[in-house]
Amino acid sequence: MLDWPVAGGRGAWPVYRAEQAHIDDGESAAWDLGNQEGLPWEAVTDGVIAPGTGYDPGTAGNVVVLDTGLLRFHYCHGQALEVQVGQVVRKGEVIGHVGHTGWTIPPGIEGAHLHFWAEQWLGEWTRRWPSELYEEMEMDKAEIERALGV
């Protein structure tokens, strides 16, 4: 079962654009979890910190990529990162902190959030809706909605 990606179990204010549906035009299938800046990001499962972790000068800002071999979880817009590429992490370990680096609108505390998305190895890396993976990993829909505050 996957852990929740932000300490405390849910956003401090409601999720916005909970699942973006515009994959084909550059948007990602993702959760935007609004929360207080500085709140810890936690590893949703055991894994290795993968290439792509660090600062993305484009839209994502500070990024952590957690790789399990078959799944990759991307944490974006971090205030600070606590891990390095190649580091082994355990489920629940702090890997970074909620922020608003990169392209976040609006800037400031209102823009602080975790942009969280996932990929699955299906012969190539394929984006997956986080809710689908959580459901497949035995987190039921009611639990997801409760955690998202919807």
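Hi everyone, let's start with phenylalanine 116, which counts as buried at 0% relative accessibility. Please keep in mind throughout that this is a predicted model.

What does phenylalanine 116 pair with? A search of the whole structure turns up 4 aromatic pairs. In one of them, tyrosine 75 and phenylalanine 116 sit edge-to-face, 5.2 Å from centre to centre and with 70 degrees between the planes. That pair links distant parts of the chain, since tyrosine 75 belongs to strand E6 and phenylalanine 116 to strand E10, 41 residues apart. Tyrosine 75 is likewise buried, at 0% relative accessibility. There is an edge-to-face pair between tryptophan 121 and tryptophan 125 as well, with 5.4 Å between centres and 65 degrees between planes. Those tryptophans are partly exposed: tryptophan 121 has a relative accessibility of 38%, and tryptophan 125 has 24%. Going back to the buried pair, Tyr75 and Phe116 join Trp41 and Phe73 in one aromatic cluster.

Let me step back to the whole chain for a moment. Its secondary structure comes to 2 helices and 11 strands. Following the sequence, the pattern reads β-β-β-β-β-β-β-β-β-β-β-α-α. There are 150 residues, and 45% of them count as buried. If you take the contacts with a separation of 6 or more, 62% are between residues 24 or more positions apart. The accessible surface is about 7,300 Å², with 52% of that belonging to carbon and sulfur atoms.

Now to the strand I'd like you to find on the screen, E5, residues 61-67. Is E5 enclosed or open? All of it is buried, 7 of the 7 residues, so E5 is largely enclosed by the rest of the structure.

Who are the partners of E5? Strand E3, residues 47-49, pairs with E5 in the antiparallel sense over 2 bridges, and there isoleucine 49 stands opposite leucine 66. Strand E4, residues 54-56, is also antiparallel to E5, this time over 3 bridges. Here aspartate 56 has glycine 61 of E5 as its bridge partner, and a hairpin of 4 residues joins E4 to E5. Then comes strand E6, residues 71-78, which runs antiparallel to E5 and is joined to it by 6 bridges. Leucine 66 turns up again here, with phenylalanine 73 as its bridge partner in E6. E5 and E6 make a hairpin with 3 residues between them, and in that turn glycine 69 has a positive phi of about 105 degrees.

As a reminder for anyone tracing the side chains, those in a regular strand alternate between the two faces of the sheet.

On to the charged side chains. How many salt bridges are there? The count comes to 3. Arginine 72 takes part in a salt bridge with aspartate 67, at 3.4 Å from N to O. Arginine 72 also meets glutamate 119 in a salt bridge, at 3.9 Å from N to O. The second of these links distant parts of the chain, with glutamate 119 in strand E10, residues 113-121, and arginine 72 in strand E6, 47 residues apart. Together, Asp67, Arg72 and Glu119 are linked in a network of salt bridges. As for burial, arginine 72 is partly exposed at 23% relative accessibility, while aspartate 67 is buried at 17% and glutamate 119 is buried at 11%.

The remaining salt bridge to show you is between aspartate 46 and arginine 90, at 3.9 Å from N to O. Aspartate 46 lies in the loop between strands E2 and E3, and arginine 90 in the loop between E8 and E9, so the pair ties together parts that are 44 residues apart in sequence. Aspartate 46 is partly exposed, with a relative accessible area of 37%.

My last stop is histidine 97, which is found in strand E9. Is histidine 97 buried or exposed? Histidine 97 is buried, with a relative accessible area of 15%. A polar atom of its side chain lies 3.0 Å from the backbone oxygen of glycine 38. Leaving aside residues up to four places away in sequence, histidine 97 touches several others, including Gly38, Leu39, Pro40, Trp41 and Gly78. Trp41 may sound familiar: that residue belongs to the aromatic cluster with Phe73, Tyr75 and Phe116, which brings us back to where we began.

Thanks, everyone!

Definitions and conventions. Residues numbered from 1 in each chain as written. Predicted model: local features only at pLDDT ≥ 70, side-chain atom pairs only at ≥ 80, totals over all residues. Heavy atoms only, no water. Buried < 20%, exposed > 50% of the residue type's maximum accessible area, 1.4 Å probe, protein only. Pairing = 2+ DSSP bridges. Salt bridge = Lys/Arg side-chain N within 4 Å of Asp/Glu carboxyl O. Contact = heavy atoms within 4.5 Å. Areas by Shrake-Rupley, 256 points an atom, 1.4 Å probe, with all protein chains shown as cover. Polar contact = N/O pair within 3.5 Å; in protein donor to acceptor, adjacent residues only side chain to side chain. Phe/Tyr/Trp six-rings, centres within 6.5 Å; stacked < 30°, edge-to-face > 60°.
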